[in-house]
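The exercises below take the reader through a set of ligand sites, one after another. Look over the sequence and the structure before reading each solution.

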Amino acid sequence: MDDPTSSASALSRRERLWRWLKKPWLLSIPIGIYLLVIGLAGFQSVMVASNQNVFCFSCHLKMDTIVQEYKASPHYVSEDKVHATCADCHVPHEFVDKMRVKITATADIYYMFIGKITKENFEQERPRLAQRVWDDMTAENSANCRHCHVGDNFDLSKQPQRARLNHQQMDARGETCIDCHTGIAHKRITVE
Ligand code: HEC
Ligand code: HEC
Ligand code: HEC
Ligand code: HEC
C-alpha cells in the first residue's frame, strides 16, 4: 500500500526542485552551454569552409591569374581529383599557426575591397607576394609539403635518379623543399 504522506512529500520535493530550476539565472547555464556548443560548431565549420578552394577562388579568380595557373598544375588534376587544395599548401596545420594566418588573412578582405591587387597590377605585385610565401615556407621547413610527401609518398627508392640524388643530400645540406621546388602550382617567377 502506498504511503500518501511520502508520495506527497516526494511531489513537493520535485516541485521545489522545479521551482529552483526555473530561477532565471539558473536557466542561463543550459542556454550558455547550448550557445557554446553552437558557437564552437559554427567556429569549426567556418574554419573548415574557409579552407575550401571555392573560398580562395572567390577572391583570387577576380584579382589575379593564380587560380588558372593552379588548375593547370600537377597538383590539380580535375574538379573531382585534386591532389592539393590552396589551403593544403598555404594554411598551416598546427592550430596556433593556423589562427595566425587566418587573422592576418582578414587584412586581405580589406585589401580586396580597396582593390589593392588587380589583374592589371598583379605581375608587379607578384614578387612581393611570392617572397612572403617563400619566407613562410622556409621558416616552417616546408611543413605543408611534408604533410603529404612523407613515408610511402616520398619513397626515395622509387624516385628517378635525379630526384633521389637531390633528396638524399637535402638534410645534410640544410635544404628544404621550397629551396628547389618553386613555381610548382603557379607561374614560375624569378626574383634577383
Ligand atoms: C577576401 C578575399 C580573399 C580571399 C577569400 C582569399 N584571399 Fe588570398 N589574398 C587576397 C588579397 C587581397 C591578397 C593580397 C594581399 C597584399 O597585397 O598584401 C592575397 C594574398 C594571398 C597570398 C600571397 C601571400 C600572402 O601571404 O599574402 C596567398 C598565398 C593567398 N592569398 C592565399 C589564399 C588562400 C590559400 C586562400 C583560401 C584559403 C585565400 N588566399 C583567400 C584576398 C583573398
Ligand atoms: C595535400 C597533399 C599535397 C601537398 C600539401 C603537396 N603535394 Fe606535391 N603532390 C601531391 C600528390 C598527390 C602529387 C602527385 C603524385 C606524386 O607525384 O606524388 C604531388 C606531386 C608533386 C610533385 C611532382 C609533380 C610536379 O609538380 O613536378 C612535386 C615536385 C611536388 N608535389 C612538390 C610539392 C611541394 C614542394 C609542396 C609544398 C609547397 C607540395 N608538393 C605539397 C600531394 C601534395
Ligand atoms: C636540392 C633540391 C631539392 C630539394 C631540397 C627537394 N627536391 Fe624534390 N626534386 C628535386 C629534383 C631535381 C627533382 C627531379 C625533378 C625533375 O627531374 O624534373 C625532384 C623531384 C621531386 C618529386 C617528383 C618525384 C618523382 O617520383 O618523380 C617530388 C614529389 C618532390 N621532388 C618532392 C620534394 C619534397 C616534398 C621535398 C622536401 C621534403 C623536396 N622535393 C626537396 C630537387 C629537390
Ligand atoms: C602545391 C602547393 C600549392 C598550391 C596547391 C597552391 N599554391 Fe599558391 N604558392 C605555392 C608556392 C610554393 C608559392 C610561392 C611562389 C612559387 O614558388 O610559385 C605560392 C604563391 C602564391 C601566391 C603569391 C603570388 C605568386 O605567384 O607567387 C598566391 C597569391 C597564391 N600562391 C595563392 C594560391 C591560391 C589562391 C591557390 C589555390 C587556387 C594556391 N595558391 C595553390 C604553392 C601552392
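By class, the shell around ligand 1 is made up of 11 nonpolar, four polar and four charged residues, where Ala, Val, Leu, Ile, Met, Phe, Trp, Tyr, Cys and Pro count as nonpolar, Asp, Glu, Lys and Arg as charged, and the others, Gly among them, as polar. The model is predicted, so that local features need pLDDT of at least 70 and side-chain atom pairs count only at pLDDT 80 or more, while totals for chains, interfaces and linings use all residues. Residues are numbered from 1 along each chain as its sequence is written, chains are lettered from A and ligands numbered from 1 in the order in which they are written, and side-chain values use heavy atoms, with hydrogens and water left out.

**Exercise 1. Describe the surroundings of ligand 1, from its nearest residues to the elements that supply them.**

Step 1. Of the 19 residues around ligand 1, those that come nearest are C56, C59, H60, R128 and R132; a residue is near a molecule if one of its heavy atoms lies within 4 Å of it.

Step 2. Next come the polar contacts, meaning pairs of N or O atoms within 3.5 Å; within protein, one must be able to donate a hydrogen and the other to accept it, and residues adjacent in sequence count only if both atoms are side-chain atoms. A polar side-chain atom of R132 lies 2.5 Å from an oxygen atom of ligand 1, and an N or O atom in the side chain of R128 is 2.9 Å from an oxygen atom of this ligand. In the side chain of D108, an N or O atom is 3.3 Å from a nitrogen atom of ligand 1.

Step 3. Two or more residues of this shell are given by each of α3 (53-63), α5, α6 (95-114) and α7 (122-139), where helices (H or I, at least four residues) and strands (E, at least two) are DSSP runs numbered from the N terminus. The largest share, six residues, comes from α3.

Step 4. The unreviewed UniProt entry lists C89 and D108 for "binding site"; UniProt positions are given in the numbering used here, feature names are shortened, and annotations may be inferred rather than shown by experiment. C89 lies in helix α5.

**Exercise 2. Which protein donors does the iron atom of ligand 2 have, and where in the chain do they lie?**

Step 1. The protein donors are H75 and H149, each through NE2, lying 2.0 Å from the iron atom of ligand 2. Donors are N, O and S atoms within 2.8 Å of the metal (3.2 Å for Na, K and Ca), and water is not among the atoms, so sites may look incomplete.

Step 2. H75 lies in the loop between α4 (66-71) and α5 (86-90), and H149 in the loop between α8 (143-148) and α9 (161-170), so the pair ties together parts that are 74 residues apart in sequence.

Step 3. H75 counts as partly exposed because its relative accessibility is 21%, and H149 counts as partly exposed at 41%. Buried means under 20% relative accessible area, exposed over 50%, and partly exposed in between (1.4 Å probe, protein chains only).

**Exercise 3. Work out how the iron atom of ligand 3 is held, and what surrounds this ligand.**

Step 1. H167 (NE2) and H181 (NE2) are the protein donors of the iron atom of ligand 3, lying 2.0 Å from it. H167 lies in helix α9 and H181 in the segment after α10 (177-180), so this pair ties together parts that are 14 residues apart in sequence.

Step 2. H167 is buried, with a relative accessible area of 16%, whereas H181 counts as partly exposed at 42% relative accessibility.

Step 3. Around ligand 3 there are 15 residues, of which H167, E175, C177, C180 and H181 come nearest. A polar side-chain atom of R162 lies 3.2 Å from an oxygen atom of ligand 3, and helix α9 gives the largest share of the shell, five residues.

**Exercise 4. Which residues are closest to ligand 4?**

Step 1. Ligand 4 is surrounded by 23 residues, the closest being C86, C89, H90, R126 and H186.

Step 2. A polar side-chain atom of R126 lies 2.7 Å from an oxygen atom of ligand 4, and a backbone N or O atom of G183 lies 2.7 Å from an oxygen atom of this ligand.

Step 3. The largest share of the shell around ligand 4, six residues, comes from α7.
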